[in-house]
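This report describes the fold of a single protein chain, from its overall dimensions to selected residues. The sequence and structure are shown first.

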Amino acid sequence: MTRGVGPGGDPLESPSRGFAPPSGEPEPLGNGPGDYGRRVLRERTPTLITEVRDRHPYGPEQRRALDALLEEIASGTMRPLGEGAPDRARWDHWGAAYFGRPWADVPFLWWESYFYRRLLEAVGFFTPGPWFWVDPFEYWKSAELRDATVAVPAAGERQALLPASLWGNQADLGFLFGAAGGPDASGGLVADDGALVWSALDAGGPNHVGVVADNAGRELLADLLLIDHLLRTGLAATVTLHLKPHPYYVSDATTADLVACLRRLAAADGEAAAVERRLSEAIGTGRLRLRAHAFSCAPWSYHHMPADLAEEFGDLTLTIMKGDLNYRRLVGDRAWPPTTPFAEVTAYFPGPVAALRTLKSDVVTGLDAATLSSLEASGGDWRTGGAHGLIQVRR
Ligand SMILES: O=P(O)(O)OC[C@H]1O[C@](O)(CO)[C@@H](O)[C@@H]1O
């Protein structure tokens with residue numbers, strides 16, 4: 001296992017260094033015919049730009065910038081961030097191999113992350129002025145949170161907590177902008193290491209658990225119930241909750257979204273309000289620690305994580321990675337044969353790690369051969385439809 005240092009004083013890791021992926025790894029997933037990335041690039045991304053433009057009273061400057069982004073993605077070449085962007089140097093470094101090329105030539109994981117950064121640029125999110133730090137996705141996030149029901153399982157019923165946190169991941173608002181609409185029904189679990197997750201925590205202590213959050217709203221509510229359980233029962237001495245430092249992938253949870261969820265819990269009846277009180281107190285005492293690391297919005301897999309993050313994950317009893325994008329970043333967004341062991345592709349990760357994810361993109365690992373053949377025989381969109389889930393762990 002090798003670890004590099006960040007470039008030019010930047011605390012984030014150089015993409016060319018970091019933890020080595022297993023040798024002989026398959027190509028990064030792209031945007032060719034049949035690739036899921038192509039659908040996202042051609043369908044979801046333009047719809048999202050148009051929706052963001054239509055839902056806000058933006059002035060001519062923001063509208064022009066959104067239209068230019070639409071055109072650049074459809075038929076132009078990828079350009080760097082504008083002068084004056086606070087993170088321009090970092091992205092110039094990261095994007096050196098991609099800028100000046102058509103978007104479709106750039107790996108899916110990379111371009112989609114950069115797309116969200118460019119969308120924020122277009123709407124003036126980082127520019128001091130009237131739209132400074134106005135979340136372009138707040139409209140959808142708050143609607144989803146309003147509709148969410150809060151169901152606190154009875155004390156002692158911990159078995160429901162992992163599936164609730166997992167299936168909460170269906171509430172990815174990016175699906176609103178897909179041609180096929182959102183996931184409909186549960187296709188069940190294609191891998192279920194749930195018992196191993198609990199036994200990793202039951203083994204002794206004190207446990208220190210990381211939760212790398214994904215979506216706001218009902219997914220984060222379910223995550224918070226899980227975190228409350230871990231803290232309340234003493235199964236975790238501390239929990240570190242990783243949020244996004246700024247809006248990302250439509251519904252990814254920021255600190256503002258966490259606050260909204262806590263208020264939602266406080267306003268609900270009975271036990272939910274008690275959960276909010278306990279969590280707020282735990283944040284106050286430092287038992288529940290919030291992180292919003294810049295690498296959480298980086299276009300790279302965790303193989304390239306910076307040293308400070310690697311050290312943190314290495315100190316944890318277990319890190320729980322939520323959602324599809326974190327899964328892609330954990331295993332590497334590559335065309336792995338689906339029976340490649342999860343333990344093998346995550347061996348580089350600096351501590352025990354679990355993934356709770358609904359399947360919403362091409363990558364998957366750790367399936368047994370029988371499960372894979374019945375999924376293939378189903379003829380359905382099982383890799384990307386969001387109707388299947390998995391719980392995997394590497395201790
Ligand atoms: O919210 P999640 O579970 O990370 O899912 C987001 C997924 O949706 C997509 O953004 C598709 O638009 C995938 O690229 C990504 O993996």
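How many helices and strands does the chain have? In this predicted model, the chain has 14 helices and seven strands. Its radius of gyration is 20 Å, close to the 21 Å that the globule rule gives for 395 residues, so the chain is as compact as a globular protein of that length. Along the principal axes, the C-alpha atoms fill a box of roughly 55 × 50 × 45 Å. Buried residues account for 45% of the 395 residues. Among contacts with a separation of 6 or more, 79% join residues 24 or more positions apart.

**Domains and their contact**

The domain assignment divides the chain into domain 1 (7–122) and domain 2 (138–394). The centres of the two domains, taken over C-alpha atoms, are 24 Å apart. To their contact, domain 1 gives 30 residues and domain 2 gives 34 residues. On the side of domain 1 that touches domain 2, helix H1 (36–54) and helix H4 (108–122) each supply at least two residues. H4 provides the largest share of that side, with seven residues. The composition of this side by residue class is as follows.

| Class on the side of domain 1 that touches domain 2 | Count |
|---|---|
| Nonpolar | 19 residues |
| Polar | three residues |
| Charged | eight residues |

**The largest nonpolar core**

In soluble globular proteins, nonpolar side chains tend to be buried together. In this chain, the largest nonpolar core has 94 residues, of which Leu 119, Leu 224, Ile 227, Val 239, Cys 261 and Ala 354 touch the most other members. H4 supplies the largest share of this core, ten residues. The core draws at least three residues from each of domain 1 and domain 2. H4 thus appears in two settings: it gives the largest share of the domain 1 side of the contact and the largest share of the core. Residues up to four places away in sequence aside, Val 239 touches Val 209, Val 211, Ile 227, Leu 230, Leu 231 and Leu 288.

**Strand E5 and Lys 322**

Lys 322 lies in strand E5, which spans residues 318–322. Is this charged residue buried or exposed? Lys 322 counts as buried because it has 28 C-beta neighbours inside 10 Å, where 20 or more are required. Apart from neighbours within four places in sequence, Lys 322 is in contact with Asn 169, Val 211, Val 212, Ala 213, Asp 214, Asp 223 and Leu 356. Val 211 is thus a contact of Lys 322 and also of Val 239. The C-alpha atoms of Lys 322 and Leu 220 are separated by 9.7 Å, although the two residues are 102 residues apart along the chain.

**Helices H11 and H14**

Helix H11 (residues 307–314) has four named buried positions: Leu 309, Ala 310, Glu 312 and Phe 313. Seen down the helix axis, these buried residues fall within an arc of 160°, so they line one face of H11. Their cover includes strand E2 (208–212) and E5.

How many of the ten residues of helix H14 are buried? The count for H14 (residues 369–378) is zero, and the helix is hardly covered. Just after H14, Gly 379 takes a positive phi of about 70°.

How values were computed
Residues are numbered from 1 along each chain as its sequence is written. This is a predicted model: local features need pLDDT of at least 70, side-chain atom pairs count only at pLDDT 80 or more; totals for chains, interfaces and linings use all residues. The radius of gyration is taken over C-alpha atoms; the globule rule is 2.2 Å times the number of residues to the power 0.38. A residue is buried if 20 or more other C-beta atoms lie within 10 Å of its own, exposed if 12 or fewer, and partly exposed in between; C-beta atoms are placed from the backbone. Two residues are in contact if their C-beta atoms, placed from the backbone, lie within 7 Å. Domain bounds come from an automatic or database domain assignment. Ala, Val, Leu, Ile, Met, Phe, Trp, Tyr, Cys and Pro count as nonpolar, Asp, Glu, Lys and Arg as charged, and the others, Gly among them, as polar. The arc is that of the directions from the helix axis to the C-beta atoms. A nonpolar core is a set of buried Ala, Val, Leu, Ile, Met, Phe, Trp, Tyr and Cys residues joined through C-beta atoms within 7 Å.
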